[in-house]
Amino acid sequence: MPNGLNNWTYKDVTRFLKESGFAFDHEKDGSHEAWTNEETVAVVEVNFTHGSYPIRTLETMIRQSKIDKKDWRKWASS
C-alpha cells in the first residue's frame with residue numbers, strides 16, 4: 001500500500017488513474033503503456049514493473065496526469 005509518494009506499484013498507479021478518469025489507450029515500446037484522460041487531454045506513460053516506482057518516476061507520472069500531488073497523497077492515505 002502506498003504511503004504518501006512511497007511504495008506506489010503498477011497496480012496502485014493504474015487504479016488511481018482509472019478512478020481519476022483515465023483509461024488504457026495503447027502499448028508503447030517495451031513495457032510502457034499510455035493512459036489517457038480525454039477530459040483533461042492528459043497522457044501518462046506508465047511503465048509496468050513488479051516492484052514499486054522510484055519517487056522521481058512517480059513524480060513524472062504525477063506531472064503528466066495534471067492532477068495535484070496532494071490528491072495522489074490523499075488517495076494513498078485512504
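This section describes the overall fold of a predicted model, the packing of its helices and several individual residues.

The protein contains 3 helices and 3 strands, and these elements follow one another from the N terminus in the order α-β-β-β-α-α. Its radius of gyration is 11 Å, close to the 12 Å that the globule rule gives for 78 residues, so the protein is as compact as a globular protein of that length. The C-alpha trace spans about 30 × 25 × 20 Å along its principal axes. Of the 78 residues, 35% count as buried. When contacts between residues at least 6 apart in sequence are considered, 45% of them join residues at least 24 apart.

Helix α1 comprises residues 10-19, and within this helix Y10, D12, V13, T14, F16 and L17 are buried. The buried residues of α1 pack against two strands, β2 (32-37) and β3 (42-47), as well as against the helices α2 (55-65) and α3. Just after α1, G21 adopts a positive phi of about 95 degrees.

The packing of α1 with α3, the latter formed by residues 69-77, can be described in further detail. In general, two packed helices are described by the angle between their axes and by the distance between those axes. For α1 and α3 the angle is about 115 degrees, and the axes lie 11 Å apart. Because angles of 65 to 115 degrees count as roughly perpendicular, α1 and α3 are roughly perpendicular to each other. The crossing in which α1 passes α3 is right-handed. On the side of α1, the contact is made by D12, V13, R15, F16, L17 and E19, while α3 contributes D71, W72 and W75. Sorted by class, this contact of α1 with α3 has 5 nonpolar and 4 charged residues, and no polar ones.

One of the α3 residues in this contact, W75, has a relative accessibility of 15% and therefore counts as buried. Leaving aside its neighbours within four places in sequence, W75 is in contact with D12, R15, F16 and E19, and also with P2 and W8. The C-alpha atoms of W75 and N6 are separated by 12 Å, although these two residues are 69 residues apart along the chain.

Among the strand residues, T36 is found in β2 and is buried, with a relative accessible area of 18%. Apart from neighbours within four places in sequence, T36 is in contact with G21, F22, A23 and D25, and likewise with A42 and V43. The residue G21, which has the positive phi just after α1, is thus one of the contacts of T36 in strand β2.

Positive phi values are also found at two residues that are not glycine, namely V41, with a phi of about 55 degrees, and K66, with a phi near 65 degrees. V41 is placed in the loop between β2 and β3, whereas K66 is placed in the loop between α2 and α3. With a relative accessible area of 65%, V41 is exposed, and K66, at 56% relative accessibility, likewise counts as exposed.

Methods. Residues numbered from 1 in each chain as written. Predicted model: local features only at pLDDT ≥ 70, side-chain atom pairs only at ≥ 80, totals over all residues. Heavy atoms only, no water. Axes fitted to C-alpha atoms, helices over the stretch in contact; angles between N-to-C directions. Helix = DSSP H or I, 4+ residues; strand = E, 2+ residues; numbered from the N terminus. Parallel < 35°, antiparallel > 145°, perpendicular 65-115°, else oblique. Left-handed = near helix turned anticlockwise from the far one by under 90°. Contact = heavy atoms within 4.5 Å. Nonpolar A, V, L, I, M, F, W, Y, C, P; charged D, E, K, R; others polar. Rg over C-alpha atoms; globule rule 2.2 N^0.38 Å. Buried < 20%, exposed > 50% of the residue type's maximum accessible area, 1.4 Å probe, protein only.
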